[in-house]
Amino acid sequence: MLQEIANQKGVSCRAQGWKVHLCAAQLLQLTNLEHDVYERLTNLQEGIIPKKKAATDDDLHRINELIQV
């Protein structure tokens, strides 16, 4: 029974297909996490930078640059 399954055409490709699906799912999860982090940093930027004057503090400037990258 097992030998018959092993001798089928394309069984090795199907056996390794789960790896491709796993990698695709992980990449999708990673892009979703990056999008969430970008939204949080954008909200942080909007909350930190004063509305009337430009940020002159070095830390605020660095945060602003990191978000824009």
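This is a short walk through one protein chain, from its overall layout to a few of its residues.

Before anything else, I should say that what we are looking at is a predicted model, and that the mean pLDDT of the chain is 79, with 77% of its residues reaching 70 or more. That confidence is not spread evenly, since helix H1, residues 2-6, has the lowest value at a mean of 70, whereas H2 has the highest at 87. Where pLDDT is low, the predicted coordinates should not be read in detail, and I would ask you to keep that in mind as we go.

Turning to the layout, the chain has 3 helices and 0 strands, and if you read along the sequence you meet the pattern α-α-α. Of the 69 residues in the chain, 7% count as buried, and the accessible surface of the chain comes to about 6,500 Å², with 60% of that area belonging to carbon and sulfur atoms.

Let me now take helix H2, which covers residues 11-48 and contains Leu 41. With a relative accessible area of 32%, Leu 41 is partly exposed, and together with Val 37, Leu 44 and Ile 48 this leucine makes a nonpolar surface patch of about 280 Å².

Next comes helix H3, where I would like to put a question to you: which residues of H3 are buried? They are Leu 60, Asn 64 and Ile 67, and because they cover an arc of only 65° around the axis, they are placed on the same side of H3. If you look at the other side of H3, you will find Asp 58, Arg 62 and Leu 66, which are exposed.

I will stay with this helix for one more residue, namely Gln 68, which is found in H3, residues 58-68. Is Gln 68 buried or exposed? Its relative accessible area is 59%, and a residue counts as exposed when that value is over 50%, so Gln 68 is exposed. The side chain of Gln 68 nevertheless has a partner within the helix, as it makes a polar contact, at 3.1 Å, with the side chain of Asn 64, which is one of the buried residues I named a moment ago. There is also a link to another part of the sequence to point out, for Gln 68 and Thr 42 are 26 residues apart along the chain, while their C-alpha atoms are separated by 8.9 Å.

Technical notes
Residues numbered from 1 in each chain as written. Predicted model: local features only at pLDDT ≥ 70, side-chain atom pairs only at ≥ 80, totals over all residues. Heavy atoms only, no water. Helix = DSSP H or I, 4+ residues; strand = E, 2+ residues; numbered from the N terminus. Buried < 20%, exposed > 50% of the residue type's maximum accessible area, 1.4 Å probe, protein only. Areas by Shrake-Rupley, 256 points an atom, 1.4 Å probe, with all protein chains shown as cover. Polar contact = N/O pair within 3.5 Å; in protein donor to acceptor, adjacent residues only side chain to side chain. Patch = residues over 30% accessible without salt bridge, like charges linked within 9 Å, V, L, I, M, F, W, Y side chains within 5 Å. Salt bridge = Lys/Arg side-chain N within 4 Å of Asp/Glu carboxyl O. pLDDT = per-residue confidence, 0-100. Arc of directions from axis to C-beta.
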